[in-house]
Amino acid sequence: MACGSCGTAGGCQNKGACSSGGCNRMNVHDWLANLPFSDPESNCKIIEVSFNNGSRKDFYKNSTPHFFEKGDWIAVEGVNGYDVGMVNLTGELVRIQLKKQDVQENDPDMRKVLRRATDTDITKWKEAKAREKDVLIRSRAIARQLNLDLKMAEVEVQADSRKATFFYIADDRVDFRELIKIYAGEFKVKVEMKQIGARQEAGKVGGIGSCGRELCCSTWLTDFKSVNTNAARYQNLSINQAKLSGQCGRLKCCLNYELDTYLDALQNFPDDCDMLEMAKSRAFLVKKDIFRNLMWYSMPDSTKQYPLTIDRVKKIKALNRQGVRPEELEPVEVTSNKPKEVEPEYADVVGQISLRTLEKDSRKRREKERNQQQGAPRERGQQSQRGPQQPRGPQQQRPPQQQGDRRPNQGPNQPRPNQGQQGQGNNRPNQRPPQQQGDRRPNPNQQRPNQQRGPQQQRPPQQKPDGGNEAPTN
């Protein structure tokens, strides 16, 4: 079962585990596969087979009557046994690869394809691959015990577990004859040592570059050219080792991609104009702008940079050869032709809101809660000053409860009648008993001496001889 996004015929057969780089690691698209040929017998009989998820590729001769497509697992000749790999390329594109790598199509020493991989071959191959991790850890420990100055990068075990290839990195030559004897006795395999560089190690390990894509060395780049700091200088890049280095610790291979284009564009710029003699002081070249054909200079007594045209620089240089120092550089005014981007007005089309809207809503909510907290004590203070002395309106006054009606008063704000009093006082709600003599608790209904009664305020209820209170009359 291959990935759903895999565009190959047979898929990468990696079962969705694309984190190892199997889907795009050294992958090749055979764009000549569907073209018809007049002579089928002239078709190329060589097959390119990839091993270890594309980290190693080799050519094999198809002497069998079977026709293999890309993605098929086949068994090929190995060292004292066989190995299992995946078909990576067939057809006429293989001849192009043979010419690039200078391999003869009729080479008699080229190994052959044995058969299509069976279930037994696949099972043994998986067992050998599961063994590679433990062999790598143990091999590193043995090399450390022998105090060898090398780094074991990867171990590849053959499908029949008869041979193991150890890829190592070393700055100098290493005498590993004793190491091979220990490896052969420890792992019971035939040992082969191969030295690789830091770039090849990054290609085998894989990873994500600073551009956000997979590393070029692990996806498509096969030949590694030397990269130096002059490639960065020609492209006006800052010489920062941290930014120019890749995952391998060397300069990035992508510095050579656009180098030829920059070299072609720099042919129109003069080479001997790094310094200009002026009347006040010297002007030193800062950078060359190939897109605008300008050369930027700076003066020692100022931090400002002056853009000069190529013709002006050549003219000043010609005057310097004659011993003349001009007074002014005559810089040009640089204007940006890029149109100013206008930020579109916000439109809540799909129900999305911005963070500013959330901040405004939260601020309004906090202010509302603060106002409610400040207004609550004021209302409680006003309610405590209001007593039963204030008369009710004609619509607010309740009718007195009839004698014999034992139903409680309706409404959530209706207070219960005083149970300690008998007589007519029980039928009048919202009336508190008068303060007894000797009770020192303050009476909330008693008005302050400094407070004058309004014309509409009602007098306190008069006491009857029998001790009851007289109900207020309108």
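Helices (H or I, at least four residues) and strands (E, at least two) are DSSP runs, numbered from the N terminus. The model is predicted: local features need pLDDT of at least 70, side-chain atom pairs count only at pLDDT 80 or more, and totals for chains, interfaces and linings use all residues. Residues are numbered from 1 along each chain as its sequence is written, and side-chain values use heavy atoms, with hydrogens and water left out.

**Exercise 1. Place Ser 245 and describe its surroundings.**

Step 1. Ser 245 belongs to the loop that runs between helix H7 (241-244) and helix H8 (259-265).

Step 2. Buried means under 20% relative accessible area, exposed over 50%, and partly exposed in between (1.4 Å probe, protein chains only). With a relative accessible area of 18%, Ser 245 is therefore buried.

Step 3. A contact means heavy atoms within 4.5 Å. Leaving aside residues up to four places away in sequence, Ser 245 touches Arg 250, Leu 251 and Lys 252.

Step 4. A polar atom of the Ser 245 side chain lies 2.6 Å from the backbone oxygen of Gln 241.

**Exercise 2. Give the overall composition of the protein.**

Step 1. There are 10 helices and 12 strands in the protein.

Step 2. The protein has 474 residues, of which 31% count as buried.

Step 3. Among contacts with a separation of 6 or more, 56% are between residues 24 or more positions apart.

Step 4. Accessible areas come from the Shrake-Rupley method with a 1.4 Å probe, and for residues only the protein chains shown count as cover. The accessible surface of the protein is about 34,400 Å², and carbon and sulfur atoms hold 46% of this area.

**Exercise 3. Find the buried residues of helix H1 and state what covers them.**

Step 1. In H1 (residues 92-100), the buried residues include Glu 92, Leu 93, Val 94 and Leu 98.

Step 2. The cover over the buried residues of H1 includes strand S1 (46-51), strand S2 (56-61) and strand S4 (81-89).

Step 3. Asp 30 sits in the segment before S1. Asp 30 counts as buried because its relative accessibility is 17%.

Step 4. The contacts of Asp 30, not counting residues up to four places away in sequence, are with Leu 89, Thr 90 and Leu 93. Asp 30 and Val 94 are 64 residues apart in sequence, and their C-alpha atoms are 9.4 Å apart in space.

Step 5. After H1 comes Asp 102, with a positive phi near 55°.

**Exercise 4. Describe the pairing of strands S11 and S12 and the residue Asn 293.**

Step 1. Two strands pair if DSSP finds at least two bridges between them. S11 (residues 294-298) and S12 (residues 305-309) pair in the antiparallel sense, over five bridges.

Step 2. The two strands, S11 and S12, form a hairpin with six residues between them. Leu 294 has Thr 309 in S12 as its bridge partner.

Step 3. Asn 293 is in the loop between strand S10 (282-289) and S11. Its phi is near 55°, positive in a residue other than glycine. The relative accessibility of Asn 293 is 41%, so this residue counts as partly exposed.

**Exercise 5. Analyse the aromatic pair of Tyr 183 and Phe 187.**

Step 1. Rings of Phe, Tyr and Trp (its six-membered ring) pair if their centres lie within 6.5 Å; planes under 30 degrees apart count as stacked, over 60 as edge-to-face and the rest as tilted. The count by this rule is seven aromatic pairs.

Step 2. Tyr 183 and Phe 187 form a tilted pair, with 5.7 Å centre to centre and 50° between the planes.

Step 3. Tyr 183 and Phe 187 are four residues apart in helix H3 (residues 177-187), so about one helical turn separates them.

Step 4. Tyr 183 is buried at 0% relative accessibility, and Phe 187 is buried at 7%.

Step 5. Phe 166, Tyr 183 and Phe 187 form one aromatic cluster.

**Exercise 6. Which rings do Lys 204 and Lys 287 lie over?**

Step 1. A charge sits over a ring if NZ of Lys or CZ of Arg is within 6 Å of the ring centre and within 35 degrees of the ring normal.

Step 2. Lys 204 lies over the face of Phe 167, at 4.1 Å from the ring centre.

Step 3. For Lys 287, the charged end sits over the ring of Trp 296, 5.2 Å from the ring centre.

Technical notes: Polar contact = N/O pair within 3.5 Å; in protein donor to acceptor, adjacent residues only side chain to side chain.
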